[in-house]
Amino acid sequence: MFWLKTKIIEGEGSLRALSKEVKGYERVLILASKSMKRHGFLSEAEDYVREAGAEVFSIAGLPAEPSVETVEELLPKLGEEFQPDLLIALGGGSVIDTTKALKVFYDVPELRFEEIAFIDRFSKPKPVPRLKTPLIAIPSTSGAGSEVSAASVLKKGEVKYNIVTPDIAPDVAILDPRLPRTMPAEVARNSGLDVLVHGIEAYTTKVASPFSDAMALQAIKTVYKWLPLSVRGDEDARAKMHYAATMAGIAFLNARLGLAHAMSHKAAWIGPHGLLNAILIPYVMKFNAERSEYARRRYGEIARELGFQTTKDLIEVVKELNEMLGVPQLSELVDEETFVSRVEEMAEKAYRDGLVAFNPVEPKPEEIRELYLKAFYGE
Ligand SMILES: NC(=O)c1ccc[n+]([C@@H]2O[C@H](COP(=O)([O-])OP(=O)(O)OC[C@H]3O[C@@H](n4cnc5c(N)ncnc54)[C@H](OP(=O)(O)O)[C@@H]3O)[C@@H](O)[C@H]2O)c1
Ligand SMILES: [Fe+2]
């Protein structure tokens, strides 16, 4: 099966499509990050909403890598102050994920994060009832794919958990390449590497299909060819990466993700999501390829799409890309004592992460621990 709920509007200046998309709504709330306000995109979006005759409210300054607390702080404003009939998320994956979670608790206030989040793959969370408030997502980074995905990723304490339900997949995504052009190089790199890992993991899960494969491969090829230029600020490359991010999102919406994401979510206290994935993926690929004929074949297929031959080549390509883009070692992000003291707990939690079930190989907790340590010592 392949599905996509989100209507996708793309192109230079496509932000103006908002004026058409919000027609008929009365109270529109825009949630935005600091940079979207700073670069004038928030006021531009507000103007389009007003043009359509709706009342517009906004909250700017939403944080990166959001937590359950972020959502709890904002929630009363929605219910008591704004009472929106349409939500717009204007920012990176962090803003979109925050808005998705707000939508859940605004529509069904009696729900609690702990009962609906995928905390542990061995116990099923309570299903989220049907939600009603529509959501338009306007990504400003080219990475998370949250503008089409059915997931919201939030930190609880120091690790990340997912809420997953088709109803939080945005109704509309507007992909205007003007927005990601203002990303600093580091954000372009980190979010762009997330696209690569989405592509590679979605292509190699147990539930990949020819339709998710097409999206995953196109995303991977785009990253390989255009990410270095995009990081340097090339405008055309930024646009290509922007669309590739959504394609990878469509791939993992359907094919899900694997062990690298399970591990990065549990290491979320160390650094940005995309960066952690980029550091972990070569180790995860080697682990999978050594244990699964299917994984070897699939990595080989990706390698050949990029003009190489084997899994080994692909791992080298990913490592070289990381190096070229200045991706640090894990040991540069966290000190040895802290990391080693937490590795056991991270491995146990990653083992229990729902995404492990889609990985081509089911690892044991001690194997995940080994992988974390290999990534730390750069072996
Ligand atoms: N839901 C899903 O399916 C899914 C999938 C993968 C990852 N994720 C999640 O998504 C999050 C990462 O999202 P992301 O990689 O898109 O990055 P992000 O965390 O949304 O943004 C990172 C930083 O980039 C800045 N920024 C964003 N767009 C900018 C622009 N156009 N110009 C200037 N600065 C800009 C923001 O700064 P300001 O704060 O100053 O604006 C922000 O602090 C993680 O929490 C991850 O877990 C979700
Ligand atoms: Fe990701």
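**View 1. Helices H10 and H15 cross in a right-handed manner.** This model is predicted. H10 covers residues 259–266, and H15 covers residues 336–351. Their axes lie 9 Å apart, at an angle of about 135°. That angle makes H10 oblique to H15. On the H10 side, the contact uses Ala 262, Met 263 and Lys 266. Met 346, Lys 349 and Ala 350 meet them from H15. By class, this contact has four nonpolar residues, no polar ones and two charged ones.

**View 2. Tyr 372 touches residues of both H10 and H15.** Among its contacts are Met 263 and Lys 266, which also take part in the contact of H10 with H15. Met 346 and Ala 350 touch Tyr 372 too, and both belong to the H15 side of that contact. Other contacts of Tyr 372 include Ala 267, Leu 280, Leu 330, Phe 339, Val 343 and Ala 347. Residues up to four places away in sequence are not counted here.

**View 3. The largest nonpolar core has 69 residues.** Ile 200, Met 263, Phe 339 and Tyr 372 have the most contacts inside this core. Helix H11, residues 273–291, supplies its largest share, 11 residues. A second, separate core has 33 residues. Leu 74, Leu 111, Ala 117 and Leu 154 are included in this second core. In soluble globular proteins, nonpolar side chains tend to be buried together.

**View 4. Helices H7 and H12 pack with their axes 9 Å apart.** H7 runs over residues 185–204 and H12 over residues 293–305. The angle between them is about 135°, so H7 is oblique to H12. H7 passes H12 in a right-handed crossing. Ile 200, Tyr 203 and Thr 204 make the contact from H7. From H12 come Tyr 294, Arg 298, Tyr 299, Glu 301 and Ile 302. The contact residues divide into five nonpolar, one polar and two charged. Ile 200 appears again here; this residue is also one of those with the most contacts inside the largest core.

**View 5. Gly 274 is a buried residue of helix H11.** Its relative accessible area is 7%; Gly 274 counts as buried because the cut-off is under 20%. Gly 274 is in contact with Asn 190, Leu 193 and Asp 194, leaving aside neighbours within four places in sequence. These three partners fall within H7, residues 185–204. Arg 112 is 162 residues from Gly 274 in sequence. In space, their C-alpha atoms are 28 Å apart.

Note on methods:
Residues are numbered from 1 along each chain as its sequence is written. Chains are lettered from A and ligands numbered from 1 in the order in which they are written. This is a predicted model: local features need pLDDT of at least 70, side-chain atom pairs count only at pLDDT 80 or more; totals for chains, interfaces and linings use all residues. Side-chain values use heavy atoms; hydrogens and water are left out. A nonpolar core is a set of buried Ala, Val, Leu, Ile, Met, Phe, Trp, Tyr and Cys residues joined through side-chain atoms within 4.5 Å. Buried means under 20% relative accessible area, exposed over 50%, partly exposed in between (1.4 Å probe, protein chains only). Helices (H or I, at least four residues) and strands (E, at least two) are DSSP runs, numbered from the N terminus. Contact means heavy atoms within 4.5 Å. Axes are lines fitted to C-alpha atoms, for helices over the stretch in contact, and angles run from 0 to 180 degrees between N-to-C directions. Angles under 35 degrees count as roughly parallel, over 145 as roughly antiparallel, 65 to 115 as roughly perpendicular and the rest as oblique. A crossing is left-handed if the near helix is turned anticlockwise from the far one by less than a right angle, and right-handed if clockwise. Ala, Val, Leu, Ile, Met, Phe, Trp, Tyr, Cys and Pro count as nonpolar, Asp, Glu, Lys and Arg as charged, and the others, Gly among them, as polar.
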